[in-house]
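Visitor: I'm new to looking at protein models, and I'd like a close look at one part rather than a quick tour. Could you take me through the aromatic rings, and then show me how they fit in with what is around them?

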Amino acid sequence: MSLLREGANGPSNNARFDPYFYLFVFALFCLSAFRFGVGWDYYQYYWTIVSNLQTNIVGRGEIATVALVHLSSKLGITNLYFAINAFITIFLISKTINQYSVNKWVSIFVFLCFPLFFLSSLSVIRFYTALSIVFFAFRYIKSREIFKYLILVYIASMFHSSAAIAVALYFFAKVNLTAVRIIVLCILAVLLSGVANTFASTYLPEYAVYTEDTTVQEGTVAIYFFAAILVVCLPLVRRINLDENAKLYLSGFVFGFLIYIAFYGQGTMSHRLSLFGTTFSLLLIPKVISLIFRGKTAYINIYVYLMLTLVFFYSLQVGAQTYLPYRTIFATGY
């Protein structure tokens, strides 16, 4: 029943121990850590480790990634790389959700079912490890401990250098957003999108693979999902701002959405970079639901779970080439 009722009375006692939640999280970890051949980039990581290849995975000098690849290769335990990254990603994201979401079940279901979250983490592995560290660092934005925040951002950049953009997130979170300001910022981002795209193509050639046209459907369609969240939030901005945590969720989300529309059309760069902010939708969505429906969220939650489940299975069908059939290292003898 906690899956239905949680959040009805706000965030109080939300972080209490829930064995079912942790069992669910453990299952997600196992699905990620012990998979074989699942994920668009899986085999690129696999052969980089097994054959000690000099691919872009280790070619950018991201210290933590290089160290984990070399450790897995030296020990001859290829899966060690995937297991460690899965643990960091799932643990940090679930811990942050458990501590800050007004309904951790809605949050974790969004993480599982929306294609740019859990399913994406099976492909862009080192990026998601960096993203989870930045998401976890939210606590230091909240407590205004910039030194601790920057340390975590630096550690995240040791897995994927794109995490450096999260430095700007700390300062953007200090902006007092209103509905009008959000609209103006979105218009400016659209107007400056050409400049942003030109800058990325000219001065970031090493990321050219991320700026090329892509057939990854969820990366192009996801903007409508995030835009819908923003539209729903606009008339609620004042109420959201009354809650210090929710105010930061909104700031983080808007930061990511602005990146998305500024770099829209730059292949996967737009939605990849935006995730450093749009991931806060995991915390923002249940908060918005609680604001709209007050204490009558139980039946709304059922509807949300059903819709998310449909989205999840649709995403599996669209990405069947890489997600199905699901195989584990135990079934393959790997």
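Guide: Here is a walk that begins with the rings and then moves on to helices and loops.

Keep in mind that this is a predicted model. As a backdrop, the protein has 23 helices and zero strands. Of its 334 residues, 54% are buried. If you take the contacts with a separation of 6 or more, residues 24 or more positions apart account for 79% of them.

Now for the rings. The structure holds 41 aromatic pairs. One of them is made by Phe21 and Tyr22, with 5.7 Å from centre to centre and 80° between the planes, an edge-to-face arrangement. Are these two residues buried or exposed? Phe21 counts as buried because its relative accessibility is 0%. Tyr22 is at 37%, so this residue counts as partly exposed.

Another pair to find is Tyr100 with Phe138. Their ring centres are 4.8 Å apart and their planes sit at 85°, so this pair is edge-to-face. Look at where the two rings come from: Tyr100 belongs to helix H6 (residues 79-100) and Phe138 to helix H10 (residues 138-142), so the pair ties together parts that are 38 residues apart in sequence. Tyr100 has a relative accessible area of 9%, and that makes it buried. Phe138 is buried as well, with a value of 1%.

Rings can also join up in a group. Phe36, Tyr42, Tyr43, Tyr45, Tyr46, Trp47, Tyr81 and Phe82 are linked into a cluster by ring pairs.

Some rings have a side chain of another kind over them. Go back to Phe21: Lys104 lies over the face of this ring, at 5.8 Å from the ring centre. In a similar way, Arg139 lies over the face of Phe136, and here the distance to the ring centre is 3.9 Å.

Let's pick up helix H6 again, this time with a neighbour. The axes of H6 and helix H5 (residues 63-75) come within 8 Å and cross at roughly 140°. What do we call that arrangement? The two helices are oblique to each other, because angles have to be over 145 degrees to count as roughly antiparallel. On the H5 side, the contact is made by Thr65, Leu68, Val69, Leu71, Ser72 and Leu75, while H6 brings Leu80, Tyr81, Ile84 and Asn85. Sorted by class, this contact of H5 with H6 has seven nonpolar residues, three polar ones and no charged ones. Did you spot Tyr81 in there? Tyr81 is also a member of the ring cluster.

Next, jump to helix H19 (residues 269-278), where you'll find Leu273. Leu273 has a relative accessible area of 15%, so this residue is buried. Which residues does Leu273 touch, leaving out those up to four places away in sequence? The answer is Ser162 and Ile259. You can also compare the position of Leu273 with that of Leu131: they are 142 residues apart along the chain, yet their C-alpha atoms are separated by 9.5 Å. As for the helix as a whole, 10 of the 10 residues of H19 are buried, so this helix is largely enclosed by the rest of the structure. Among the buried residues of H19 are Met269, His271, Arg272, Phe276 and Gly277.

Finally, follow the backbone through some loops. As a rule, most residues other than glycine have a negative phi, and most peptide bonds are trans. This chain has places that go the other way.

One is Asn52, with phi near 55°, a positive value in a residue other than glycine. Asn52 sits in the loop between helix H3 (42-50) and helix H4 (56-59). With a relative accessible area of 46%, Asn52 is partly exposed.

Another is Arg144, which has a positive phi of about 60° although it is not a glycine. You'll see Arg144 in the loop between H10 and helix H11 (146-157), and H10 is the helix that holds Phe138. Arg144 is exposed, because its relative accessible area is 60%.

The last stop is a peptide bond. Leu324 and Pro325 are joined by a cis one, with omega about -5°. Pro325 is in the loop between helix H22 (320-323) and helix H23 (329-332).

Definitions and conventions: Residues are numbered from 1 along each chain as its sequence is written. This is a predicted model: local features need pLDDT of at least 70, side-chain atom pairs count only at pLDDT 80 or more; totals for chains, interfaces and linings use all residues. Side-chain values use heavy atoms; hydrogens and water are left out. Rings of Phe, Tyr and Trp (its six-membered ring) pair if their centres lie within 6.5 Å; planes under 30 degrees apart count as stacked, over 60 as edge-to-face and the rest as tilted. Buried means under 20% relative accessible area, exposed over 50%, partly exposed in between (1.4 Å probe, protein chains only). Helices (H or I, at least four residues) and strands (E, at least two) are DSSP runs, numbered from the N terminus. A charge sits over a ring if NZ of Lys or CZ of Arg is within 6 Å of the ring centre and within 35 degrees of the ring normal. Axes are lines fitted to C-alpha atoms, for helices over the stretch in contact, and angles run from 0 to 180 degrees between N-to-C directions. Angles under 35 degrees count as roughly parallel, over 145 as roughly antiparallel, 65 to 115 as roughly perpendicular and the rest as oblique. Contact means heavy atoms within 4.5 Å. Ala, Val, Leu, Ile, Met, Phe, Trp, Tyr, Cys and Pro count as nonpolar, Asp, Glu, Lys and Arg as charged, and the others, Gly among them, as polar.
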